[in-house]
Amino acid sequence: PSCFGYPLSIFFIIINEFCERFSYYGMRAVLVLYFKYFLQWDDNLSTAIYHTFVALCYLTPILGAIIADSWLGKFKTIVSLSIVYTIGQAVMSVSSVNDLTDHNHDGFPDNVPVHIALSMIGLILIALGTGGIKPCVSAFGGDQFSDDQEKQRSRFFSIFYLSINAGSLLSTIITPILRAQECGIHSKQRCYPLAFGVPAALMAVSLIVFIIGSGMYKKVQPQGNVMVQVSKCIGFAIKNRFRHRSKEFPKREHWLDWASEKYDKRLIAQTKMVLKVLFLYIPLPMFWALFDQQGSRWTLQATTMDGNFGAIQIQPDQMQTVNPILIIIMVPVVDGLIYPLIKKCKINFTPLRKITVGMFLASLAFVAAALVQVQIDKTLPVFPTADQSQIKIINLGTNDATIKFEQNLQSVSVMPMQSTGYMTFETSQLKSLNIVSGNNSQMEVINFPGGNRHTLGVKSTGSAIMTEWLLDNVTSKPEEGNNLIRFINNFAEPVNITMGGTSFGTLASFSGSDYKLFPGGRKDEITVIRNSMTCSAVSQTFGFGSAFTIVLNNCSAGDLGVEYSEDIAPNTVHMAWQIPQYFILTCAEVVFSVTGLEFSYSQAPSNMKAVLQAGWLLTVAVGNIIVLIVAGASKLSEQWAEYVLFAALLLAVCIIFAVMAYFYTYVDPNEIEAQIDEEEKNKAKKDGDIYENQAEIDSQM
């Protein structure tokens, strides 16, 4: 059965690919944040495990291709590994249900190792599944066309690439929205089970759709795997060369010619072409090392930025959608506009030159990321080290107050209802401080453990000075653009406080509450009940990632008077500043990735495509391993310096590649094949002639 001149079975395959990519990219988009906020890992461990997972996902396709070609055939491989995949996604979803081990209902899992174990099992199954499917699906699609459908087949591959990007685009938009929902049985928190559950459901759909089409597929019998043959041929050549290493044996033109005792000329010639291309692949992993940090480092960078785009709030993990959106726009623009323009300018833009330009652009993108990081770092607060303490003073009275830190450390004056910033002291030197306000003075003895921030509330009344110490139990900026809010009750009586539906309970006179988390970018109503009278006010907008202390001062005719004291400044660098680095990196991807596959196919015989595909995927895997090594070995404390390091490494590799490309001579595999055909024909003819002559001689006897 056919439809628009395409085999009907193709549509099942494209739907299957769309669901599989949706499922994979959706899960990958929220993965780093799941590690960081749910499993409570730090940035470095989250980045490391993320890249280990991605590397695994690109190593397993080689396994998948061998299973399909030598043993099960593509159809059975796709079905059986899709089942593994679906189970993996389901396990992943279960691992993120915090009510699984949250017995005290505080919103955090009590037994984190259970969740870690489950999610690692899930990730390994997913890596096996996606790796087994990746090389088979596109080739299985290609198998559905007969030889006279060359045009439809190439059109199929572009539609196929589009369905990959559509799947990845939609899931990168949708999954973060699901993650940002609140859900849970006993306590509400980020909805990771939904973010992992929807991809799992889609994977199941994709499997069912694929099986429904079963009767229509052309199923090619497994032909034995080319990769295995090529490896054997290379292995034999090396062994044979080593056996004949003494001088009396004549040299051969190429080391692979040492395999000619056992393997035919054609395989040897094809292997030579493949090795020539694979040699050029050696520098490529460095590109992927930078490219795949979009999902780890760049997403973590976005969590320290301001995601307020007017009408909509962008989640940090949604910034990754910039890449597929730009790909869908840029591929036609580059193909239809930029390449023809370069041609018009009489520049020969060869595939290898394109790849070189792609590497250069990717390294530029990381310079851009470093510049953004420097701007972000300027806005980040400095927290005390283990042997320092920080003190901030809020004057809650109506007179000026002067505070002197003893041993002449420093002295500050604070106007009424004002506060200082945090002052940093060596804990060992902090012994006492002296407060003068109005006509009163008072001495306070200080004894801090160190490593914390403290706030001192000071209020001068008629004959005495009241003081209130608060421990600011915060050692990092609030995550995910949330804000921390706390209150100080400056009334003479206790009050009951609620803000935006969150209750702070009853606060005694002249005391402070603990911090509570609020979503970023909102205004909330503050309601205070005092002596059974209600006062309210609408708060200011707190931005993203800030911490504020709100002082409750007075209440007249139901209106609440408050003062704000900023403890941690909000994120001020806008997420839109990430767009330039995404744009440059996408341009790099368009000239690098698309060209790379095209070039590989043009430089090797048709039956060797699987080997080159495996080599190409291997470069992605190695790239992700490079991230682990570089990030682990470089003890750079500054994130911007790490970006610059990666940019410099890629630039160096780019120069090496340019030199290699300069010495590369392009080949035409068809020509070489034709040459071998010709030689074989002549040999057969010669053999035939000898046979005929022999027959004549025989008949004459």
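Which residue forms a salt bridge with D292, and how far apart are the closest N and O atoms? That was my opening look-up today, in what is a predicted model.

**Entry 1: salt bridges**

I found that the partner is R28, with the closest N and O atoms 3.3 Å apart. The pair links distant parts of the chain, 264 residues apart. D292 sits in the loop between helix 9 (285–291) and helix 10 (297–302), while R28 belongs to helix 1 (residues 9–38). I checked cover next: D292 counts as buried because its relative accessibility is 4%, under the 20% limit. R28 is buried too, at 9%.

I then counted the salt bridges, and the structure holds 8. A general reminder to myself: side chains of opposite charge can pair when their charged atoms come close.

Another of them joins K36 and D43, whose closest N and O atoms are 2.9 Å apart. Are these two buried or exposed? K36 is buried, with a relative accessible area of 11%. D43 has 30%, so I put it down as partly exposed.

I moved on to R297, which forms a salt bridge with E642 at 3.2 Å between the closest N and O atoms. R297 lies in helix 10 and E642 in helix 15, so this pair ties together parts that are 345 residues apart in sequence. Both residues are buried. I also noted a network: K392, D472, R486 and D567 are joined by salt bridges that share partners.

**Entry 2: cysteines**

How many disulfides does the count come to? I get 1 disulfide. It joins C535 to C555, with an S to S distance of 1.5 Å. The angle about the S-S bond is -55°, and the link of C535 and C555 is left-handed. C535 lies in strand 20 (residues 533–538) and C555 in strand 21 (residues 547–556), so the bond ties together parts that are 20 residues apart in sequence. I looked at cover here as well: C535 is buried at 3% relative accessibility, and C555 is buried at 18%.

Why is C136 too far for a bond with C57? The sulfur of C57 is the closest cysteine sulfur to that of C136, yet it is 15 Å away, and a disulfide needs the two sulfur atoms within 2.5 Å. C136 itself is buried, with a relative accessible area of 2%. I looked up C654 right after: C654 is in no disulfide, as the nearest cysteine sulfur, that of C587, is 15 Å away. C654 counts as buried, at 7% relative accessibility.

**Entry 3: surface patches**

Which residues form a nonpolar patch on the surface? I listed F360, L364, V367, L371, L651, I655, V659, Y662 and F663, with about 940 Å² of accessible area together. Helix 12 (351–379) and helix 15 (639–662) are the elements that give two or more residues to this patch. I picked I655 for a closer look; I655 is found in helix 15. At 55% relative accessibility, I655 is over the 50% limit and therefore counts as exposed.

I closed with charge. K232, K239, R243 and K262 form a positive surface patch. One of these, R243, lies in helix 7, which covers residues 226–243. Is R243 buried or exposed? I have R243 down as exposed, at 52% relative accessibility.

Terms used. Residues numbered from 1 in each chain as written. Predicted model: local features only at pLDDT ≥ 70, side-chain atom pairs only at ≥ 80, totals over all residues. Heavy atoms only, no water. Patch = residues over 30% accessible without salt bridge, like charges linked within 9 Å, V, L, I, M, F, W, Y side chains within 5 Å. Areas by Shrake-Rupley, 256 points an atom, 1.4 Å probe, with all protein chains shown as cover. Salt bridge = Lys/Arg side-chain N within 4 Å of Asp/Glu carboxyl O. Lys, Arg positive; Asp, Glu negative; His and termini not counted. Charge placed at Lys NZ, Arg CZ, Asp CG, Glu CD. Helix = DSSP H or I, 4+ residues; strand = E, 2+ residues; numbered from the N terminus. Buried < 20%, exposed > 50% of the residue type's maximum accessible area, 1.4 Å probe, protein only.
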